[in-house]
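Thank you all for making the time this morning. I would like to walk you through one structure, slowly, and I will put the sequence and the model up before I say anything about them.

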Amino acid sequence: MSSVLHPASTGEEPSTGASVGPSSGPGAAVRYRPISSHLAITPPVSVVIPAMNEAENLPYVFRTLPGWIHEVVLVDGHSTDSTVEVARGLWPGVRVVGQRGRGKGDALIAGFRACTGDIIVMVDADGSADGGEIVSYVSALVSGADFAKGSRFANGGGTDDMTFVRRLGNRALCAVVNRKFGARYTDLCYGYNAFWRHCLDRIDLDCTGFEVETLMNIRVVKAGLKVQEIPSHEYLRIHGTSNLRAVRDGLRVLRVILRERSNRRALRRRPGRPRLLDTVPGELS
């Protein structure tokens, strides 16, 4: 992967003429993006935010996003409020993609298709995630991981928004995945993750609901990708109510686990099936 760590120049503009890595070629121009006072990266970072009627929460979400990211892709899930208008007012240049289907998985797939960055970060639109943590995800990726997986139960993580039933269910499902697929996850059903764009061709997403996170976690293990857990704190949703239903969506997650377990063959591209990145949904004007 063509990425480097480079000292960030405090108070100066990012360098635009350095030569980086064997794939860059001699004298190739690159742009360093300072992400802290001691660290800069060359890969552009895309942030995907699936949103449906989240106009009240978006100011909190966008406020925490770091200014060095390459782009924000907001996937509008048929909102009836001012979600799109608020997003455009908060982040000039935001890419807005209209979701054609339904469900979080469908929205994320649409967002992934629209991304142009080498690194993709998934962030929920309810205000429960701190965009300031993105630096930890990106640091893990440029240091060698393929998939940076957020965990509320790793050392340093936490959650303010999980009932006893959801916590118990998440723990049980996580244990099943670890046992059946040889993973070592501390958290399973969490939507704050980041990965290199090329991973999408290895995990071949094909689900529409909240179970998409579990499917991703299983398939990165099956594909032999290097996973690093990132401690993350989940805050309470600020406005509105979640569409998540513990029993209904827990059963969908279980079905995904059983389906993936029954298919013991290595992931192969199915003949005639379009690649995830082959088609890009139209942006809203």
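Let me begin with a question: which residue stands opposite Trp196 in strand 9? Before I answer, please keep in mind that what you are looking at is a predicted model. The residue standing opposite Trp196 of strand 9 is Ile119, and this pair belongs to strand 6 (119-122) and strand 9 (193-196), which run antiparallel and are joined by 4 bridges.

Let me stay with strand 9 for a moment. From this strand Asn193 and Phe195 point one way, while Ala194 and Trp196 point the other way, and all are buried. Strand 9 also pairs with strand 7, residues 147-151, again in the antiparallel sense and over 3 bridges, and there Phe147 stands opposite Phe195.

Now we can step back to the whole sheet, which is an open one of 7 strands in the order 5-4-3-6-9-7-10, with mixed pairing. At its edges stand strand 5 (95-98) and strand 10 (227-231), and because each has a single partner strand, one side of each is left without a neighbour in the sheet. On average, and ignoring direction, neighbouring strands here are turned by 20° against each other.

If we move to the edge at strand 5, we find the parallel sense: strand 4, residues 71-76, pairs with strand 5 over 4 bridges, and Leu74 stands opposite Val96 of strand 5.

Helices also meet this part of the sheet. Helix 3, made of residues 83-90, lies across strand 3 (45-51), strand 4 and strand 5, and runs at about 170° to strand 4. Helix 4, residues 104-114, packs on the sheet as well, touching strand 3, strand 4, strand 5, strand 6 and strand 9, and its direction makes about 145° with that of strand 4.

I will finish with the cysteines, where one may ask how many disulfides the count comes to. The count comes to 0 disulfides. For Cys189 the reason is distance: its sulfur is 8.2 Å from the closest cysteine sulfur, in Cys174, and that is too far for a bond, given that a disulfide needs the two sulfur atoms within 2.5 Å. As for their surroundings, Cys189 counts as partly exposed, at 26% relative accessibility, whereas Cys115 is buried, with a relative accessible area of 2%.

Conventions: Residues are numbered from 1 along each chain as its sequence is written. This is a predicted model: local features need pLDDT of at least 70, side-chain atom pairs count only at pLDDT 80 or more; totals for chains, interfaces and linings use all residues. Side-chain values use heavy atoms; hydrogens and water are left out. Two strands pair if DSSP finds at least two bridges between them. Helices (H or I, at least four residues) and strands (E, at least two) are DSSP runs, numbered from the N terminus. Axes are lines fitted to C-alpha atoms, for helices over the stretch in contact, and angles run from 0 to 180 degrees between N-to-C directions. Contact means heavy atoms within 4.5 Å. Buried means under 20% relative accessible area, exposed over 50%, partly exposed in between (1.4 Å probe, protein chains only).
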